Amino acid sequence: MRFDILTLFPDMFTGPLSESIMKRAQVAGLVEVNLWNIRDFATDKHRQVDDSPFGGGAGMVLKPEPMYRAVEAVREQAGAGSQDSPIYLLSPQGQVFDQEMAKQMSNLTQMTLICGHYEGFDERIRRLATAEVSIGDFVLTGGELPAMLIIDAVTRLLPGVLDSDSPLDDSLYNGLLEYPQYTRPRVFRNMEVPEVLLSGHHEKIRQWRRRESLFRTWQRRPDLLKRMADRLTEQDRKWLAEFADAADE
């Protein structure tokens with residue numbers, strides 16, 4: 001996977017991309033991250049990338065010329081195969097990023113992420129984008145943090161980055177929240193590990209985890225259950241009915 005990041009603050013990425021799983025993925029050649037400073041594509045001596053908005057108003061707006069030049073440079077360096085690769089504009093106006101989107105992105109070989117700043121983008125910059133992506137209904141000072149989140153979420157799904165089955169158990173991967181996890185000691189301050197997890201009975205453990213995953217989702221994120229209603233098994237529905245009955249008692 002190749003990530004190309006257009007940003008005004010490339011140094012912000014140094015820490016997150018040089019530690020832990022992200023570092024190992026890059027060292028192993030599974031991920032390539034290229035940081036492009038948008039100011040390098042300004043043509044005036046002050047390297048100006050923003051200007052005041054037409055019609056007046058507070059703040060400054062990112063200019064289209066440097067951004068278009070930056071995208072053209074990415075396309076040229078990434079090669080012919082990148083011409084059809086997606087360009088994502090990070091914006092609170094975009095589709096909200098979720099695990100399903102991360103899975104779709106993990107099938108790509110290259111993507112470009114454009115980080116905004118200041119008051120916003122010149123509207124013509126939006127024409128560069130395949131899609132706009134948001135990480136939630138709140139506003140940040142720029143698109144750098146969302147870009148880091150997307151890179152991290154997508155990278156951990158790539159083959160070879162984690163143990164083969166590790167991402168499959170993550171919260172939201174299959175539409176549900178993850179079941180409770182335990183490790184040693186078996187008893188800690190009178191809190192015991194559920195007996196079924198010590199039984200060695202794989203099918204009972206699988207059923208317990210599925211039931212707990214459903215219960216946690218029903219309790220904390222019922223909206224997720226509505227989204228995956230067509231994927232629930234008959235047993236899932238029985239368990240959900242049990243949760244509802246118990247709540248009514």
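This report walks through a parallel sheet, the helices packed on it, and some salt bridges in a predicted model.

## The sheet

Let's start with the strands. Five of them make up an open sheet, running in the order β2-β1-β6-β5-β8 with parallel pairing. The edges belong to β2 (32-37) and β8 (131-134), each of which pairs on one side only. Ignoring direction, neighbouring strands here are turned by 35° against each other on average.

If you want to look at one pairing up close, try β5 and β8. Strand β5 covers residues 87-96 and runs parallel to β8, with five bridges between the two. Leu90 is a handy landmark, as it stands opposite Val133 in β8. As a general reminder, strands of a sheet pair through backbone hydrogen bonds, in either a parallel or an antiparallel way.

## Helices on the sheet

Helix α3 (residues 64-78) packs on this sheet and touches β1 (2-7), β2, β5 and β6 (110-115). Its direction makes about 160° with that of β1.

Helix α5 (residues 144-155) packs on the sheet as well, with β1, β5, β6 and β8 as the strands it touches. Here the angle to the direction of β1 is about 175°.

## Salt bridges

Now for the charged side chains. The structure holds 14 salt bridges. In general terms, side chains of opposite charge can pair when their charged atoms come close.

One of these salt bridges links Arg206 and Glu203, with the closest N and O atoms 2.7 Å apart. Both residues sit in helix α6 (residues 202-220), three residues apart, or about one turn of the helix. How accessible are the two partners? Arg206 has a relative accessible area of 48% and is partly exposed, and Glu203, at 36%, also counts as partly exposed.

## Asp223 and its partners

Which arginines does Asp223 meet in salt bridges? With Arg221, the N to O distance is 2.9 Å, and with Arg227 it is 3.6 Å. Asp223 and Arg227 both lie in helix α7 (residues 222-227), four residues apart, which is about one turn of the helix.

On the accessibility side, Asp223 counts as partly exposed at 32%, and Arg221 is partly exposed at 31%. Arg227 has a relative accessible area of 56%, so it lands in the exposed class, which begins over 50%. Elsewhere, salt bridges with shared partners join Arg2, Asp4 and Glu32 into one network.

Conventions
Residues numbered from 1 in each chain as written. Predicted model: local features only at pLDDT ≥ 70, side-chain atom pairs only at ≥ 80, totals over all residues. Heavy atoms only, no water. Salt bridge = Lys/Arg side-chain N within 4 Å of Asp/Glu carboxyl O. Buried < 20%, exposed > 50% of the residue type's maximum accessible area, 1.4 Å probe, protein only. Pairing = 2+ DSSP bridges. Axes fitted to C-alpha atoms, helices over the stretch in contact; angles between N-to-C directions. Contact = heavy atoms within 4.5 Å.
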